[in-house]
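Visitor: I am new to this structure and would like a close look at one part. Could you take me through the place where the two domains meet?

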Amino acid sequence: MEPVIWRDGRVELLDQRLLPQRVQWVHCRDYRETARGIRDMVVRGAPAIGVTAAYGLAQAVRASRASDRVSLLADLHAADAVLRAARPTAVTLMWALDRMLAVAQRSLDIVSELEKEALAIHQETRELDQRIAQAGLAVVPPGTRILTHCHTGGLATGGTGTALGVIMAAHRSGYGISVWVDETRPYLQGSRITAWELQQAGVPATLICDNMAGYFMGRGEVDLVLVGTDRMAANGDFANKIGTYSLAVLAHAHRIPFYPALPLSSIDLAMSDGRHIPIEQRSPQEVTHFRGMPVAPAGVQVANPAFDMTPHSYVTGIITEAGVLRPPFTRTIAQALGK
Ligand code: MRU
């Protein structure tokens, strides 16, 4: 199933908020509705957000009434600002928008070139995911009991996934793996989507609450931790779904290998380390309610950072389409990016 479909100027988003109980699509008729779909997490996962935003810009120029190039570019930049502000942490969003703007600057037929570029970004995501999955197999010995967090499958990328793509590839290749699935409070991407996809694929999987990871690690029942990434700094520090940092510390304490998997487009060389990665703060409602049902006292004070930052010192290696990068990451990341 695809998280996002381009249909002749309309962006169709699979409503991931309703999974797994309901499969329902949201029809975004213009870039503002597409930006809202990103902001409200109809679509989520860093690479899928980037693909969706690229389609949003294609929508904006298509719908523009501008009669000259200068006004068309002005409309494009207005849409870019709205889409760029939709979610602040996943750098693939900015990367995809930058790429679209660069194409617009050098195109004669901006409308058709931007549509082509958005489709190309989507197609490349599919191809990169395959390469990430193949590269990741090198860190998964047969019989590995893998712990994963959040959801990093095809619905989070538009392809076949990053960390979950590695897991699915290992399963299909007969590695005899099994998976511990963190439920991933507060949005429950793990229990609602990862557990569902693993179940459909026939991968042996056990759902646990986030606070159970240490228990199973302490019992020697976790061999490997695989997670995704929303933004990685030049030194290998990275932001990912809230709870990733705690897992990294636990894995380190139990000497369990810990790998993020990501496309190189998730690396932001403008950040020398992870301290300055913007961390999205989301609505208290996500913590106090589940699908409209209160699970906390009314009026309670709430903190809801959607991501945390894991220092590179806890990272065993970085799985990318260019292979598994090893420390020192500042050097191997720069090499992988050809810098
Ligand atoms: O808030 P979300 O659901 O968009 O967060 C998703 C994650 O943190 C993923 O791990 C990350 O985007 C990588 S997806 C391949």
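Guide: Here is a walk through that meeting place, followed by the ligand.

This is a predicted model, in which local features need pLDDT of at least 70 and side-chain atom pairs count only at pLDDT 80 or more, while totals for chains, interfaces and linings use all residues. Residues are numbered from 1 along each chain as its sequence is written, and side-chain values use heavy atoms, with hydrogens and water left out.

Let us begin with the two parts themselves. Domain 1 covers 4–130 and domain 2 covers 132–336, with bounds that come from an automatic or database domain assignment. Their C-alpha centres are 25 Å apart. To the contact (heavy atoms within 4.5 Å), domain 1 brings 30 residues and domain 2 brings 37 residues.

How much area do the domains bury between them? The figure is about 2800 Å², with 52% of it on carbon and sulfur atoms; buried area is the accessible area (1.4 Å probe) that two parts lose on being put together, summed over both. On the domain 1 side, the most area is lost by Arg44, Thr89 and Asp129, which together make up 24% of what that side buries.

Now for the links across the boundary. There is one salt bridge between domain 1 and domain 2, the term meaning a side-chain nitrogen of Lys or Arg within 4 Å of a carboxyl oxygen of Asp or Glu. The side chains of Arg87 and Glu280 form a salt bridge, at 2.9 Å from N to O. Between the domains there are also 24 residue pairs in polar contact, both residues at pLDDT 80 or more. A polar contact is a pair of N or O atoms within 3.5 Å; within protein, one must be able to donate a hydrogen and the other to accept it, and residues adjacent in sequence count only if both atoms are side-chain atoms.

On the side of domain 1 that touches domain 2, the elements giving two or more residues are α2 (46–63), α4 (91–106) and α5 (110–136). Helices here are DSSP runs (H or I, at least four residues), numbered from the N terminus. The most comes from α5, with six residues.

Finally, the ligand. Among the 18 residues around the ligand, those that come nearest are Arg44, Gln189, Asp230, Asn240 and Lys241, where near means a heavy atom within 4 Å. Polar side-chain atoms of Asp230 and Lys241 lie 2.8 Å and 2.7 Å, respectively, from an oxygen atom of the ligand.
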